[in-house]
Amino acid sequence: MKHRRRLWRSPSLNVCEAILAKAEWLVQDGRVKRISEDKWLVAGIKNRHIVRRGATGFLYCNCKGFQACGTCSHVVAVFIKENGRVKAEAEA
Ligand SMILES: [Zn+2]
């Protein structure tokens, strides 16, 4: 996976917190819309992304971040919208 590293290269960036913070903003700003039983439209700053739920319940996104890292703010935003807030250690 070395060729993918440049995306999250900065050691000072807490990737998990950054994704959580953006995901909460997406939900609070009303940018997550359910368009069918297993499909959501998430309106990001530049692009709209389709998040799908697979047969196992796992969420998939069509953005580059998800393809590189296996997760992204869009799938987390859908998770928060459907399940309530994710409890982060930083909030304790
Ligand atoms: Zn995404």
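What follows walks through the fold of this chain, from its sheet to the helices packed around it. The model is a predicted one, with a mean pLDDT of 84 over the chain and 78% of the residues at 70 or more. Among the helices and strands, confidence peaks in strand 2 (residues 39-43), at a mean of 98, and bottoms out in helix 2 (residues 64-69), at 90. As a general caution, where pLDDT is low, the predicted coordinates should not be read in detail.

The sheet is a good place to start. Four strands make it up, lined up in the order 1-2-3-4, and the sheet is open, with antiparallel pairing. Strand 1 and strand 4 (59-61) sit at the edges with a single partner strand each, so one side of each has no neighbour in the sheet. On average, neighbouring strands are turned by 25° against each other, direction ignored.

Going through the sheet pair by pair, strand 1 (residues 32-36) and strand 2 run antiparallel and are held together by four bridges. R34 faces W40 of strand 2 across this pairing, and the link between the two strands is a hairpin of two residues. Next along, strand 2 is joined to strand 3 (residues 48-53) by five bridges, again antiparallel. Here V42 has H49 of strand 3 opposite, and the hairpin that connects strand 2 to strand 3 goes through four residues. The last pairing, strand 3 with strand 4, is antiparallel too and rests on three bridges. R52 has Y60 in strand 4 as its bridge partner. Five residues lie between strand 3 and strand 4 in their hairpin, and G57 in that turn takes a positive phi of about 95°.

Now for the helices. Helix 3 (residues 73-83) packs on the sheet and touches strand 1, strand 2, strand 3 and strand 4. Relative to strand 4, the direction of helix 3 makes an angle of about 140°.

Helix 3 also has a helical partner. Two packed helices are described by the angle between their axes and the distance between the axes. For helix 1 (residues 15-28) and helix 3, the axes come within 8 Å and cross at roughly 55°. That angle makes helix 1 oblique to helix 3, and the crossing is right-handed. On the helix 1 side, the contact is built from I19, L20, K22, A23, E24, L26 and V27, which meet S73, V76, A77, I80 and K81 of helix 3. Sorted by class, this contact counts eight nonpolar residues, one polar and three charged.

Put together, helix 3 touches strands 1 to 4 of the sheet and also meets helix 1 through residues such as V76 and I80.

Terms used: Residues numbered from 1 in each chain as written. Predicted model: local features only at pLDDT ≥ 70, side-chain atom pairs only at ≥ 80, totals over all residues. pLDDT = per-residue confidence, 0-100. Pairing = 2+ DSSP bridges. Axes fitted to C-alpha atoms, helices over the stretch in contact; angles between N-to-C directions. Contact = placed C-beta atoms within 7 Å. Parallel < 35°, antiparallel > 145°, perpendicular 65-115°, else oblique. Left-handed = near helix turned anticlockwise from the far one by under 90°. Nonpolar A, V, L, I, M, F, W, Y, C, P; charged D, E, K, R; others polar.
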